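User: I am new to reading structures. Please take one part of this one and look at it closely, then follow its links outward.

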Amino acid sequence: MIKIPPQPCDYELPDPKKSALIVIDMQRDFMERGGFGDSLGNDIDALRPAVKPISRLLELFRKLELMIIHTVEGHAPDLSDCPPSKLRRGEATLKIGDPGPMGRILILGEPGNGIIPELAPRAGEKILTKPGKGAFCRTELELFLREMGITPLIITGVTTEVCVQTTMREANDRGFECLLVEDGTESYFPAFKHSVLQMVRAQGGIVGWTAMSHNIIQALGGGQ
Ligand code: C5J
């Protein structure tokens, strides 16, 4: 049994081998100039601080041979999996599917849709593509986790109040124990990140727990 000192109370990992690190949407489309996030007028640099903590967690999970799942938000080239409401929404200079400097915006397989090189998945790590904000919407994630016997999820990625929070709420409702990594998630809006951290752990952890990456790394026996 491993105990991590997060908020609102200790988070218990009965067997780390049965946990997964989920890295949500660390894609060029959200992190780099010319991508979807930038085209919506966001300050992409606001997301950078999450990269190092995620990289350290990835290193430890790889060393301990624990489950790693990367998610990628993107759509089929013919946009058949993109609801018209999502296509219409937002005041982007470039809409989903438009050609941009890194290829078509938010389209699977385009250079801009890939994961940033610093956090590139390695062989054997699961890459889950998803058309929505939540990683459980129209994907095989729930079935996969149940087949692998995984319940605790250590959650990182961007953006905190959109894909990360949606995924965490979906997971919580399905009975997964979610620990959100405070310094391993970022938002274009710092106040939104702050609010999500508070919302998650309020009322005795109504959606889950939050902890800093160094607490998790230390609890799992990694150095700093
Ligand atoms: C957004 C995401 N913000 N990955 N996607 O559209 O949070």
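Which residues does Gly205 touch, not counting residues up to four places away in sequence? Please start there.

Analyst: Gly205 touches Pro8 and Val200, once residues up to four places away in sequence are set aside. Contact here means heavy atoms within 4.5 Å. This is a predicted model, in which local features need pLDDT of at least 70 and side-chain atom pairs count only at pLDDT 80 or more, while totals for chains, interfaces and linings use all residues. Residues are numbered from 1 along each chain as its sequence is written, and side-chain values use heavy atoms, with hydrogens and water left out.

Now place Gly205. Gly205 is found in helix H7. That helix covers residues 190-205. Helices (H or I, at least four residues) and strands (E, at least two) are DSSP runs, numbered from the N terminus. Compare Gly205 with Leu143. They sit 62 residues apart along the chain. Their C-alpha atoms are separated by 25 Å.

Stay in helix H7 and look at Gln203. Gln203 belongs to this helix too. Its phi is near 55°, a positive value in a residue other than glycine. Gln203 counts as exposed, because its relative accessibility is 66%. The cut-offs are these: buried is under 20% relative accessible area, exposed is over 50%, and partly exposed is in between (1.4 Å probe, protein chains only).

Leu197 is another residue of helix H7. Its relative accessibility is 9%, so Leu197 counts as buried. Set aside residues up to four places away in sequence, and Leu197 touches Leu180, Glu182 and Thr210. Thr93 is a useful distance check. Leu197 and Thr93 are 104 residues apart in sequence. From C-alpha to C-alpha, they are 31 Å apart in space.

Go back to Pro8, one of the residues that Gly205 touches. Pro8 sits in the loop between strand E1 (2-4) and strand E2 (11-13). Look at the bond that leads into Pro8. The peptide bond from Gln7 to Pro8 is cis, with omega near 5°.

A second cis bond is worth finding. It runs from Val158 to Thr159, with omega near -15°. Thr159 lies in the loop between strand E8 (152-158) and helix H6.

Step from that loop into helix H6. This helix covers residues 160-173, and Thr167 is in it. Thr167 has a relative accessible area of 2%, so it is buried. Leave aside its neighbours within four places in sequence. Thr167 is then in contact with Ile24, Lys133, Gly134, Ala135 and Phe136.

Return to strand E1 and pick Ile4. Its contacts, leaving aside neighbours within four places in sequence, are Asp10, Tyr11, Leu13, Leu179, Ala211, Asn215, Ile216 and Ala219. Ile4 also belongs to the largest nonpolar core, which has 41 residues. A nonpolar core is a set of buried Ala, Val, Leu, Ile, Met, Phe, Trp, Tyr and Cys residues joined through side-chain atoms within 4.5 Å. The residues with the most contacts inside the largest core are Ile4, Met26, Leu119, Ile154, Leu179 and Ile216. Helix H3 (residues 51-63) gives the most to this core, with six residues. A second, separate core has 25 residues, including Ile24, Leu128, Leu141 and Met168. So Ile24 has two roles in this tour: it is part of that second core, and it is in contact with Thr167. In soluble globular proteins, nonpolar side chains tend to be buried together.

Two loop residues finish the tour. Take Asn113. It lies in the loop between strand E6 (103-104) and strand E7 (126-130). Asn113 counts as buried, because its relative accessibility is 3%. Not counting residues up to four places away in sequence, Asn113 touches Gln27, Asp29, Val72, Glu73, Gly74, Leu106, Ile107 and Leu108.

Then take Leu79. This residue lies in the loop between strand E4 (67-73) and helix H4. Leu79 is not a glycine, yet it has a positive phi of about 60°. With 19% relative accessibility, Leu79 counts as buried. Set it beside Gln203, which has a positive phi near 55° but counts as exposed.
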